[in-house]
Every structure is written in C-alpha cells, then in structure tokens.
Amino acid sequence: MTGAATVLVWSGVALVGGAGSVLRFVIDGAVARRAARAFPFGTLAVNISGAVLLGFLGGLVLSKDAALLAGTAFVGAYTTFSTWMLETQRLGEERQTWTALANIVVSLALGVAAAALGQWLAQR
C-alpha cells in the first residue's frame with residue numbers, strides 16, 4: 001500500500017469511527033431515556049444491533065480495507081464492551097446482583113444470536 005493510500009485508509013477509519021461513536025451516543029441516550037430503568041437498555045440496544053451488523057459484514061466478502069472501515073472502524077466505535085462491563089460492575093456495587101447477572105446473560109445470549117442472524121442475512 002502506498003503512503004497516499006495508507007493516509008486515505010486511516011482518514012477513513014477516523015471519519016467512519018467517529019460516525020459510529022456519535023451514533024452510539026445518540027442511540028444509547030434515546031433508548032436509556034425511554035426505558036428509564038436500572039437495567040442498561042441503551043448499551044444493550046447498541047451492542048445487539050452492532051452484533052447483527054458485524055455478523056452481516058462478516059458474512060459478506062469484503063476487501064481488507066472495506067472490512068477495516070466497516071467492521072473495525074464503524075462497528076468497533078459503535079459498540080461498547082467497556083461500557084457494558086462498567087455498567088455491570090456498577091450494578092454489582094449497588095447490590096443489584098440479579099440485574100447485573102441478567103445484563104451478562106441477556107447480552108451474551110442475544111449478542112451471539114444477533115451475530116448469527118446478521119451472518120445468515122448476509123448469506124441470503
């Protein structure tokens with residue numbers, strides 16, 4: 001890859017990743033406002049929709065650069081493992097053990113199913 005192409009790819013990663021993180025912020029906030037519960041529904045919605053999208057992208061035949069931009073940059077910035085873990089840890093600190101456990105189980109079960117659904121959709 002030439003220097004100019006590398007700069008274009010990295011610029012694309014920054015731009016597309018920025019778009020993913022802004023979209024995460026908007027969707028998480030909108031869902032959390034509507035749900036208004038201790039359970040982190042906003043993060044769940046973002047991570048499950050991201051799993052569908054990443055599964056879909058994984059089911060497509062993409063070039064290396066397209067996979068980097070779509071999968072790593074956009075979906076990587078859109079989804080949030082660290083927020084999921086922090087919210088779960090805080091639920092535990094607040095002695096909301098069942099809610100914390102539900103967050104782990106529901107997120108894992110729906111996340112795996114969502115990724116499989118996305119991959120299945122891409123193969124259609």
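Start with helix α2, residues 41-59, and select helix α3 along with it. In this predicted model, the two helices pack with their axes 9 Å apart and at an angle of about 170 degrees. Angles over 145 degrees count as roughly antiparallel, and α2 and α3 are therefore roughly antiparallel to each other.

Show side chains for the contact. On α2, pick Ala45, Val46, Ser49, Gly50, Leu53, Leu54 and Leu57. On α3, pick Ala70, Gly71, Phe74, Val75 and Tyr78. Coloured by class, this contact of α2 with α3 shows nine nonpolar residues, three polar ones and no charged ones.

**The other partner of α3**

Keep α3 selected and add helix α1, residues 3-35. Here the axes are 7 Å apart, and the packing angle is about 30 degrees. Angles under 35 degrees count as roughly parallel, so α1 and α3 are roughly parallel to each other. The crossing of α1 past α3 is right-handed.

For the α1 side of the contact, select Val9, Gly12, Val13, Val16, Gly17, Ala19, Gly20, Ser21, Leu23, Arg24 and Ile27. The α3 side consists of Asp65, Leu68, Leu69, Ala73, Phe74, Ala77 and Tyr78. Colouring by class gives twelve nonpolar, four polar and two charged residues for the contact of α1 with α3.

Phe74 and Tyr78 deserve a second look. Both belong to the α3 side of the contact with α2, and both are also listed on the α3 side of the contact with α1.

**Aromatic pairs**

How many aromatic pairs are there? The count comes to three. Go to the rings of Phe39 and Phe41. Their centres are 4.7 Å apart and their planes stand at 50 degrees, so this pair is tilted. Are Phe39 and Phe41 buried or exposed? Phe39 counts as buried, because its relative accessibility is 14% and the limit for buried is under 20%. Phe41 is partly exposed, with a relative accessible area of 34%.

Next, return to Phe74 and Tyr78, which form a stacked aromatic pair. Draw a line from centre to centre for 6.0 Å; the angle between the planes is 10 degrees. Why are these two residues about one helical turn apart? They lie four residues apart in helix α3, residues 64-78, and are therefore separated by about one helical turn. Tyr78 is buried, with a relative accessible area of 5%.

**Along the loops**

Move to the loop between α1 and α2 and select Ala36. Ala36 has a phi near 45 degrees, a positive value in a residue other than glycine. Most residues other than glycine have a negative phi. Ala36 counts as exposed, at 63% relative accessibility.

The loop between α2 and α3 holds Val61. At 84% relative accessibility, Val61 counts as exposed. Add Ala122 to the selection and draw the C-alpha to C-alpha distance from Val61: the two are 9.5 Å apart in space and 61 residues apart in sequence.

The loop between α4 and α5, the latter spanning 97-122, contains Arg95. Although Arg95 is not a glycine, its phi is positive, at about 60 degrees. Arg95 counts as exposed, with a relative accessibility of 73%.

**A stop on α4**

Select Thr83 in helix α4, residues 81-93. Thr83 is partly exposed, with a relative accessible area of 27%. Then select Pro40 and join its C-alpha atom to that of Thr83. The separation is 9.6 Å, although the two residues are 43 apart along the chain.

**Zoom out**

Hide the side chains and colour by secondary structure. The chain has five helices and zero strands, and its pattern read along the sequence is α-α-α-α-α. Along its principal axes, the C-alpha trace spans about 55 × 30 × 25 Å. Colour next by accessibility: 28% of the 124 residues of the chain count as buried. Finally, turn on contacts between residues at least 6 apart in sequence; 72% of these join residues at least 24 apart.

Note on methods:
Residues numbered from 1 in each chain as written. Predicted model: local features only at pLDDT ≥ 70, side-chain atom pairs only at ≥ 80, totals over all residues. Heavy atoms only, no water. Phe/Tyr/Trp six-rings, centres within 6.5 Å; stacked < 30°, edge-to-face > 60°. Buried < 20%, exposed > 50% of the residue type's maximum accessible area, 1.4 Å probe, protein only. Axes fitted to C-alpha atoms, helices over the stretch in contact; angles between N-to-C directions. Parallel < 35°, antiparallel > 145°, perpendicular 65-115°, else oblique. Contact = heavy atoms within 4.5 Å. Nonpolar A, V, L, I, M, F, W, Y, C, P; charged D, E, K, R; others polar. Left-handed = near helix turned anticlockwise from the far one by under 90°.
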